[in-house]
Amino acid sequence: MTDVVVQGLSKSFGSNHVLKALDLRVPSRQFVTLLGPSGCGKTTLLRMIAGLEKATAGEIRFGDRRVDTLPPGERNIAMVFQSYALYPTMDVARNIGYGLEVRGTPKAEKQDKVGAVAKVLEILHLLTRKPKQLSGGQRQRVALGRAMVRRPDIFLMDEPLSNLDAKLRATMRGELRRFHLDLGTTTIYVTHDQLEAMTMSDLVVVMNEGVVQQIGTPEEVYGKPANLFVAGFIGTPPMNLIPARWEDGALSVAGTALPITLPAGAPADVILGVRPQDVTIVPAGTLGSIPGKVWIVELIGSERLIEVELAPKLRVTAEVRASHRAAIDDAVAIRPDPDNLHVFDPATGMAIS
Ligand code: ATP
């Protein structure tokens, strides 16, 4: 049982304050993903948990054990990097089993463990090859195998799937998830790919500029974004964020009053958030709709994105069935699903309903 607890963790590189008094608790046995844009400090946080980077302030504990003063070798973690550092002269089996070998694990036990991991990763047929005889994806699997075989207390993974092609990545997402469910090892996984985060995680930690923006299940960060950053970052295409005005008991968007009630204390100026999947295109004049005209239409496979201009520079994207026909400049109206609206305070950026 190993909760990972990060308290008041700060890290600066010179004047660059990469992590700002960050607090985080990763519950034992969970798969937790650090998700955020490039440069937000995900890798730095992971490297500090691994012991590869020293904190400027704050502490890190595994369960009751304070570890930020310990060298990496004493933390019983296994880390998988984006750049898989394999031993070039050793074959795949030895690369995977090397951690066991240096610990003096008996040969038969080592072979069993390497075999079991290689089976899960579907690399049994590659065990006698050298790294240079492998594709990038195969090397990545070997790197994963090397971390898995040691049965550490904690897995730390830094974008381990980013060098794989899309199809293999999708397969590996499922495999990693299965592997985690079977093993139950606490896992901290870094990615900027929301699909990975949403499909694999028990909890997603959304980060921006060295600050945790929200921690929640994939459903929570998608369905109840805590602030404008999370709202705009999670979801594809991104959530529409529309300036609106709350007065006299009505919410008015681009001059049209919508039958929506906000909680007491909501400010007069708000931002209305609605996902493209929650916007329908309806005939102009439909109750609860906002008139506009079609700005652009894009086919994205089985769906079509229709961007509707409500007012100059105010456009809203609707995701509709590909069979829905629309032409540029058509007069239409959009209807946001009243059950799936998000409202934010533009002054604080925080969700208010
Ligand atoms: P990415 O998804 O691009 O890997 P990230 O969220 O993992 O991004 P980090 O790699 O943690 O971000 O980097 C955060 C910031 O810290 C960046 O501004 C980066 O330039 C800076 N940084 C990271 N390591 C160092 C270092 N060793 N020396 C100086 N600055 C660093």
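**Reading backbone, core and domains**

Q: Which residue follows α2, and is its phi positive or negative?
A: After α2 comes G104, with a positive phi near 75°. The model under discussion is a predicted one.

Q: Which residues of helix α2 are buried?
A: Helix α2 spans residues 92-102, and its buried residues are V92, A93, N95, I96, G97 and L100.

Q: What covers the buried residues of α2?
A: The cover includes two helices, α3 (107-120) and α4 (136-148).

Q: How should the sign of phi be read in a residue other than glycine, and what is it in E122?
A: As a general idea, most residues other than glycine have a negative phi. In this structure, E122 has a positive phi, near 55°. E122 is located in the loop between α3 and α4.

Q: Why is E122 classed as it is in terms of exposure?
A: A residue counts as buried with 20 or more other C-beta atoms within 10 Å and as exposed with 12 or fewer. E122 has 13 such atoms within 10 Å, so it is partly exposed.

Q: What is phi in E159, and where is this residue placed?
A: For E159, a residue other than glycine, phi is positive and near 45°. The loop holding E159 runs between β7 (154-158) and α5 (166-183). E159 is partly exposed because it has 19 C-beta neighbours inside 10 Å.

Q: Is the peptide bond from T236 to P237 cis or trans?
A: The general idea is that most peptide bonds are trans. Here the bond from T236 to P237 is cis, its omega being near -15°. P237 belongs to the loop between α8 (228-233) and β11 (240-247).

Q: How is a nonpolar core read, and which residues of the largest one touch the most other members?
A: In soluble globular proteins, nonpolar side chains tend to be buried together. The largest nonpolar core in this model has 86 residues, and those touching the most other members are I49, L156, I188, V205 and V206. Domain 1 (4-233) and domain 2 (240-344) each supply at least three residues to this core.

Q: Which residues does L156 contact, leaving aside its neighbours within four places in sequence?
A: With those neighbours set aside, L156 contacts L46, I49, A50, I77, M79 and I188.

Q: How is the chain divided into domains, and how many residues take part in the contact?
A: The chain has domain 1 (4-233) and domain 2 (240-344). Five residues from domain 1 and five residues from domain 2 make the contact. On the side of domain 1 that touches domain 2, three residues are nonpolar, two are polar and none is charged. The centres of domain 1 and domain 2, taken over C-alpha atoms, are 39 Å apart.

Notes. Residues numbered from 1 in each chain as written. Predicted model: local features only at pLDDT ≥ 70, side-chain atom pairs only at ≥ 80, totals over all residues. Domains from an automatic or database assignment. Contact = placed C-beta atoms within 7 Å. Nonpolar A, V, L, I, M, F, W, Y, C, P; charged D, E, K, R; others polar. Core = buried A, V, L, I, M, F, W, Y, C linked by C-beta atoms within 7 Å. Helix = DSSP H or I, 4+ residues; strand = E, 2+ residues; numbered from the N terminus.
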